[in-house]
Number of protein chains: 2
Amino acid sequence: MKPIEKKSARDQVIISLRKAIFNGDLKNGEEITQEEIAKILNVSRMPVREAFYALEREGLLLTQQNRRVIVKGVTEEDIKDHYDIRAMLEGEAAAKAARLATDLKDLEEINKEIEKAVQARNTDEYIVANEHFHRTIWKLSNSVRLQSFLDQLWSGLPPHLAEMVTEQMGKAHSEHQDILEAFRNRDEHAARELMMSHIKRSKIDFLKIF
Amino acid sequence: MKPIEKKSARDQVIISLRKAIFNGDLKNGEEITQEEIAKILNVSRMPVREAFYALEREGLLLTQQNRRVIVKGVTEEDIKDHYDIRAMLEGEAAAKAARLATDLKDLEEINKEIEKAVQARNTDEYIVANEHFHRTIWKLSNSVRLQSFLDQLWSGLPPHLAEMVTEQMGKAHSEHQDILEAFRNRDEHAARELMMSHIKRSKIDFLKIF
DNA sequence: ATTCTGGATTTTGGATACAGAATCCTTTGT
DNA sequence: ACAAAGGATTCTGTATCCAAAATCCAGAAT
């Protein structure tokens, strides 16, 4: 049995704020205070305070020297930046994973789930399985830093819009197959290159929609 | 006049804990509690709590599923990991900076400071100026994410030991010159490559001492 | 009218308080 | 002797409280 994880108030605040920023409820440059948010979300200032701190690291908020906090909406430049860095880091993670991974059981398993989702044209399931696929590779890389950074990156961008996903599910899935094949061959170099181009391609597709 | 920045208790706790981990006062695997640290540093649990959260992202602490926090000392594998990632990120930062930077005044200035420190064999001054040099490049890259990640990386490793620095000051300085030259020519590609090999070389030197 | 000044107001950082979760430890039953 | 139960203890997460910092605003001085 896997332990049930209950979300802390802080994490819930983080999630709520991210959503609000992504869907435009909180606009770029807008100034927000701890108390204001605390009141809206019906928690005390303390979890909000910590959430602000976390979101600042993700680049979604900015504390000015006056201590006031302003919202940093997602710009096109941001998205390019996000994908450029992610391509490098996930490439590195894939290379490390290909070198270290002796046990690809989990990854093969997830791959099958993706397969199913693609065939069923089930976008929601696909999104979940896809994230799972990537996160598993990070984990296989066995680098805390890579995991931490990629986690921050992944959370810092709006979830892939459904329209984008349906369009590219097939493409992405076949790229995943190639990556998996590189893993089976323990081919570090190929794993890195394939992962990087996989993400660079996503970047282009994402930008088209944005 | 530049505004005076005063450190928050949280930041001081972060710094103290880092030091304690680096010099071995807190050993790998040791379990620490918020209250214990708060008592030692003579602050309340609140800043300690936030410091734990921050240090976890840097990879120096680990919160277990039980909520207990344990110390993750720096291993050789960690150092390799650190430098590998840093090489990529600083390479990217250098490339972006070379593309965007119109004004190299600050960087040239800092370069002269380094020059002075090298000639005077002044290790302390060198260390400060060197960090300044790198940070300035990150800033010129104009990417919040790169800055944030590199900041986390830079803080997560013990400061370069004095012995290491004296030995390699000259080498590093001449590498800096080459990087600066690439900037003057706005040569993205060269900037990235030179920065990457600069850091890969540091990695080797650091590992020799560790 | 514009700038300056000093107090009222807001907001933050940090301390303290309290309830619930996790762990420890003693007791009880077999 | 050993395992299970359950109460005491420890520790964390969140709420509340307080003092210091920042901002705002009205009136005085130029």
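Which helices each supply at least two residues of the surface near DNA strand D? The tour begins with that strand. The model is predicted, so local features need pLDDT of at least 70 and side-chain atom pairs count only at pLDDT 80 or more, while totals for chains, interfaces and linings use all residues. Residues are numbered from 1 along each chain as its sequence is written, chains are lettered from A and ligands numbered from 1 in the order in which they are written, and side-chain values use heavy atoms, with hydrogens and water left out.

**Stop 1: DNA strand D**

Select helix 1 (9-22) and helix 3 (45-58) of chain A, then helix 3 (45-58) of chain B; these are the helices that answer the opening question. Helices here are DSSP runs (H or I, at least four residues), numbered from the N terminus. A residue is near the strand if one of its heavy atoms lies within 4 Å of it.

Next, display the 18 residues that surround DNA strand D, the closest being Ala9(A), Ser44(A), Met46(A), Arg45(B) and Arg49(B). Of the strand's atoms that come within 4 Å of the protein, 62% belong to sugar and phosphate. By class, the surface has eight charged, five polar and five nonpolar residues.

Zoom in on the phosphate oxygens, looking for polar contacts (pairs of N or O atoms within 3.5 Å):

- Ala9(A) has a backbone N or O atom 2.4 Å from a phosphate oxygen of DNA strand D.
- Ser44(A) places a polar side-chain atom 2.5 Å from a phosphate oxygen of the strand.
- Asn66(A) has a side-chain N or O atom 3.5 Å from a phosphate oxygen of the strand.

**Stop 2: the largest nonpolar core**

Now select Leu17(A), Ile32(A), Phe52(A), Leu61(A), Tyr126(A), Ile137(A) and Phe183(A), which have the most contacts inside the largest nonpolar core, a set of 52 residues. Such a core consists of buried Ala, Val, Leu, Ile, Met, Phe, Trp, Tyr and Cys residues joined through side-chain atoms within 4.5 Å. Helix 8 (residues 162-184) of chain A gives the most to this core, namely eight residues. The core lies between domain 1 (9-71) and domain 2 (76-209) of chain A, because both give residues to it.

**Stop 3: Ala98(A)**

Finally, select Ala98(A) in helix 4 (residues 76-100) of chain A. Is Ala98(A) buried or exposed? Ala98(A) counts as buried because its relative accessibility is 0%; buried means under 20% relative accessible area and exposed over 50%, with partly exposed in between (1.4 Å probe, protein chains only). Leaving aside residues up to four places away in sequence, Ala98(A) touches Phe183(A), Arg186(A), Asp187(A), Glu188(A) and Ala191(A), where contact means heavy atoms within 4.5 Å.

Note on methods
Polar contact = N/O pair within 3.5 Å; in protein donor to acceptor, adjacent residues only side chain to side chain. Nonpolar A, V, L, I, M, F, W, Y, C, P; charged D, E, K, R; others polar. Domains from an automatic or database assignment.
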